[in-house]
Amino acid sequence: LAGQVFAAAIPTAFGVWIDHFTFPFLGAVDLPPWIGVPITIVWIVAVMNMVNFLDGLDGLASGVCAISGLTFAVISLSLGKPDAAILSAIVAGACVGFLRHNFFPARIFMGDSGALVLGFTLASISVAGLLKTASTVVLFLPLVVLAIPILDTSFVVARRLKHGQPISAADRSHLHHRFL
């Protein structure tokens, strides 16, 4: 977790943080750095872990990230942010290429490193390319696009809390682990 927080702090050190957002009927709200930077770090770490939790099923993490990347690319282009659009398209293309080998039955696995990099990249794109605009739709769009990982993570945490399992422990409910 400390490594994830450190990685999430890198974009904020370069000025990529949530500095304002727009509420409907209220207008734009500017955030001071002492509020925006920690919110950005929490957002990036949360999305990194959400994508990592999705990596349990063949093709799920790469499929969701491909859809998210393509959606972010289209939205970033429509907002006139070509840098975020290009990076989003690269993420989508990489995920589609990887999905060919990761779809059931998977011949290759993403692992923690791949899932965390995808989560970090998508979270950073959502902050740099989408959340910094003064549009209400764009404020909620990353949450809508990433709704599957957010819901999945919420259910995993709730299930582990209900059964008294540690939240940070690896998932051992895969079929091949039952016979070991």
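At what angle do the axes of helix 2 and helix 7 cross, and within what distance do they come? In this predicted model, the two axes cross at roughly 80° and come within 9 Å. Helix 2 covers residues 33-54, and helix 7 covers residues 147-162. Angles from 65 to 115 degrees count as roughly perpendicular, so helix 2 and helix 7 are roughly perpendicular to each other.

Now look at the residues in this contact. Helix 2 brings Met 50, Phe 53 and Leu 54. Helix 7 meets them with Ile 148, Pro 149, Ile 150, Asp 152 and Thr 153. By class, that makes six nonpolar residues, one polar and one charged.

Step back to the whole chain. Its secondary structure comes to eight helices and two strands. Read along the sequence, the pattern is α-β-β-α-α-α-α-α-α-α. Both strands thus follow the opening helix in that pattern. Take contacts between residues at least 6 apart in sequence: 67% of them join residues at least 24 apart.

Next comes the interior. The chain has 180 residues, and 39% of them count as buried. The largest nonpolar core holds 28 residues. Those with the most contacts inside this core are Trp 43, Ile 44, Val 51, Cys 65, Val 91, Cys 95 and Leu 118. Four elements each give two or more residues to the core: helix 2, helix 3 (60-78), helix 4 (82-102) and helix 5 (111-131). Helix 2 gives the most, with eight residues. Helix 2 therefore appears both in this core and in the roughly perpendicular pair with helix 7.

Last, the surface. The chain exposes about 10200 Å². Carbon and sulfur atoms supply 73% of that area.

Definitions and conventions:
Residues numbered from 1 in each chain as written. Predicted model: local features only at pLDDT ≥ 70, side-chain atom pairs only at ≥ 80, totals over all residues. Heavy atoms only, no water. Axes fitted to C-alpha atoms, helices over the stretch in contact; angles between N-to-C directions. Parallel < 35°, antiparallel > 145°, perpendicular 65-115°, else oblique. Contact = heavy atoms within 4.5 Å. Nonpolar A, V, L, I, M, F, W, Y, C, P; charged D, E, K, R; others polar. Buried < 20%, exposed > 50% of the residue type's maximum accessible area, 1.4 Å probe, protein only. Areas by Shrake-Rupley, 256 points an atom, 1.4 Å probe, with all protein chains shown as cover. Core = buried A, V, L, I, M, F, W, Y, C linked by side-chain atoms within 4.5 Å.
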